[in-house]
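Subject: Structure handover

Hi,

Here is the structure we talked about. Please load it before reading on; my notes follow below.

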Protein chains: 2
Amino acid sequence: MLAAREPVTLRGLAGRAGTSTMAVYTHFGGMPGLWGAVRQEGFVHLAARLARVQPTDDPVHDLAALGAAYADNAVAHPLLYRAMFDTAVDLPDPEVADGGFAPLVGAAARACADGRFGAVDPADVATRLWAAGHGLLLLVLTDVLPAEALGSQGPALAEAVCLGAGDDPARCAASVRSGWSAGWDG
Amino acid sequence: MLAAREPVTLRGLAGRAGTSTMAVYTHFGGMPGLWGAVRQEGFVHLAARLARVQPTDDPVHDLAALGAAYADNAVAHPLLYRAMFDTAVDLPDPEVADGGFAPLVGAAARACADGRFGAVDPADVATRLWAAGHGLLLLVLTDVLPAEALGSQGPALAEAVCLGAGDDPARCAASVRSGWSAGWDG
DNA sequence: CGTCATGTATAGCAGCGTTATATATCCTCG
DNA sequence: CGAGGATATATAACGCTGCTATACATGACG
């Protein structure tokens with residue numbers, strides 16, 4: 001699933017940009033700074049993608065929609081997604097990484113407020129949904145799991161996390177299913 | 001959580017081993033071959049660790065125990081765990097990667113046979129448990145989530161996946177809790 | 001003992017990220 | 001309007017990387 005990549009070199013990038021090696025140093029401060037800027041761009045892009053998900057009156061639907069949009073964005077830009085989580089290089093503005101996580105916590109909080117979830121911490125639910133989706137995505141992006149696994153296991157994982165948070169089994173499946181297809185652009 | 005690492009160089013390794021650069025080429029065929037051997041070693045080590053988990057008459061307990069042992073092994077050897085999933089380098093014997101996954105599927109199949117799970121594919125349950133654990137582990141190992149998240153969200157994720165597979169909520173929590181502590185050596 | 005094969009050490013190549021130095025460009029101020 | 005200083009760029013070089021080619025040592029076998 002991951003596009004084959006020839007190694008990314010500073011000299012090669014500068015040459016392709018029609019400038020010299022030194023420009024990269026004045027503008028990004030070297031190779032780690034450049035990757036940090038790439039990471040940042042990835043988080044900004046992700047936040048914009050998640051912001052396109054319109055909240056409904058069904059918070060579990062919204063959780064699934066956000067998860068699908070998250071996965072959709074990662075599949076559309078697999079190398080960027082991998083780079084985003086290369087924590088060996090610093091993020092120029094570390095706060096941007098939280099921006100993508102906020103709407104997920106918000107939807108979980110609404111699910112709690114609406115009585116869909118039991119006495120759980122919304123941040124914990126969001127964390128579990130994120131971790132599960134992250135793992136599934138990485139396994140698919142690195143060709144450990146086939147691409148179809150995303151469409152089949154993704155909603156199943158979202159439903160499982162919501163069930164674990166206390167959602168009503170009778171409603172959960174339908175909410176997740178509709179939310180997932182609403183968030184997935186394909 | 002990940003130990004800081006100075007870059008791994010072929011020349012440095014050969015020097016530390018008291019031999020010359022060429023020995024690495026005759027024995028491993030170069031840098032990719034060396035990383036492939038490292039990956040393989042990681043999977044063999046993981047399979048040995050999972051084999052130490054003794055099956056009980058509670059398959060959900062066993063699933064949680066295997067998950068805990070999996071996480072325990074990854075935390076004990078974080079850099080090896082990361083290397084295992086660097087699919088850019090080939091595995092000398094690709095089958096060994098399946099060895100670690102087999103006991104998970106086996107426990108899920110027993111849960112189905114015992115009526116703990118509904119009409120689900122055991123392999124799907126194992127995949128979801130694996131993906132969720134993998135994601136949580138990577139987020140913890142790369143310092144995106146704090147180390148405590150493993151002990152709190154790990155069992156919660158395992159329980160959610162089992163609930164999603166149809167396990168009885170009244171029994172699930174206890175099985176997962178006991179299984180997790182049985183598999184976690186810490 | 002001679003021959004062949006196998007594994008090792010040395011030397012060199014092209015490429016990398018990075019740094020130091022020199023040059024050009026632009027904004028500011030007398 | 002023209003000089004001065006700051007900023008961005010280009011060139012050249014350094015040490016390092018993985019890798020290859022070549023020469024050398026060591027052991028098995030007829």
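How many residues surround DNA strand C, and which are the closest? There are 17, and the closest are A:Leu10, A:Gly30, A:Met31, B:Ser20 and B:Met22. Bear in mind that this is a predicted model.

**DNA strand C**

Both chains contribute here. From chain A, helix H1 (10–16), H2 and helix H3 (31–51) each supply at least two residues of the surface near DNA strand C, and H2 of chain B does so too. H2(B) gives the most, with 5 residues. By class, this surface has 7 nonpolar, 9 polar and 1 charged residues.

**DNA strand D**

Around DNA strand D there are 17 residues, of which A:Ser20, B:Thr9, B:Leu10, B:Gly30 and B:Met31 come nearest. At least two residues each come from helix H2 (21–28) of chain A and from three helices of chain B: H1 (10–16), H2 (21–28) and H3 (31–51). H2(A) has the largest share of the surface near DNA strand D, 5 residues. The classes there are 7 nonpolar, 9 polar and 1 charged.

**How the two chains relate**

A turn of 180° and a shift of 0.0 Å along the axis lay chain A on chain B, with an RMSD of 0.0 Å. That is the relation of a two-fold axis. Both copies use the same surface: 100% of the contact residues of chain A recur in chain B.

**The contact between chains A and B**

In total, 26 residues of chain A are in contact with 26 residues of chain B. On the side of chain A that touches chain B, helix H8 (122–141) and H9 each supply at least two residues. The largest share, 11 residues, comes from H8(A). This side of chain A divides into 14 nonpolar, 8 polar and 4 charged residues.

**One helix pair in detail**

Take H9 (residues 148–164) of chain A and H8 (residues 122–141) of chain B. Their axes come within 10 Å and cross at roughly 75°. Angles of 65 to 115 degrees count as roughly perpendicular, and H9(A) and H8(B) are therefore roughly perpendicular to each other.

Which residues meet in this pair? H9(A) brings A:Ala149, A:Gln153, A:Ala156, A:Leu157 and A:Ala160. H8(B) brings B:Asp124, B:Thr127, B:Arg128, B:Ala131 and B:Ala132. By class, the contact of H9(A) with H8(B) has 6 nonpolar, 2 polar and 2 charged residues.

Best wishes

Conventions: Residues are numbered from 1 along each chain as its sequence is written. Chains are lettered from A and ligands numbered from 1 in the order in which they are written. This is a predicted model: local features need pLDDT of at least 70, side-chain atom pairs count only at pLDDT 80 or more; totals for chains, interfaces and linings use all residues. A residue is near a molecule or strand if its C-beta atom, placed from the backbone, lies within 6 Å of it. Helices (H or I, at least four residues) and strands (E, at least two) are DSSP runs, numbered from the N terminus. Ala, Val, Leu, Ile, Met, Phe, Trp, Tyr, Cys and Pro count as nonpolar, Asp, Glu, Lys and Arg as charged, and the others, Gly among them, as polar. Copies are superposed by least squares on the C-alpha atoms of residues with pLDDT of at least 70 in both. Two residues are in contact if their C-beta atoms, placed from the backbone, lie within 7 Å. Axes are lines fitted to C-alpha atoms, for helices over the stretch in contact, and angles run from 0 to 180 degrees between N-to-C directions. Angles under 35 degrees count as roughly parallel, over 145 as roughly antiparallel, 65 to 115 as roughly perpendicular and the rest as oblique.
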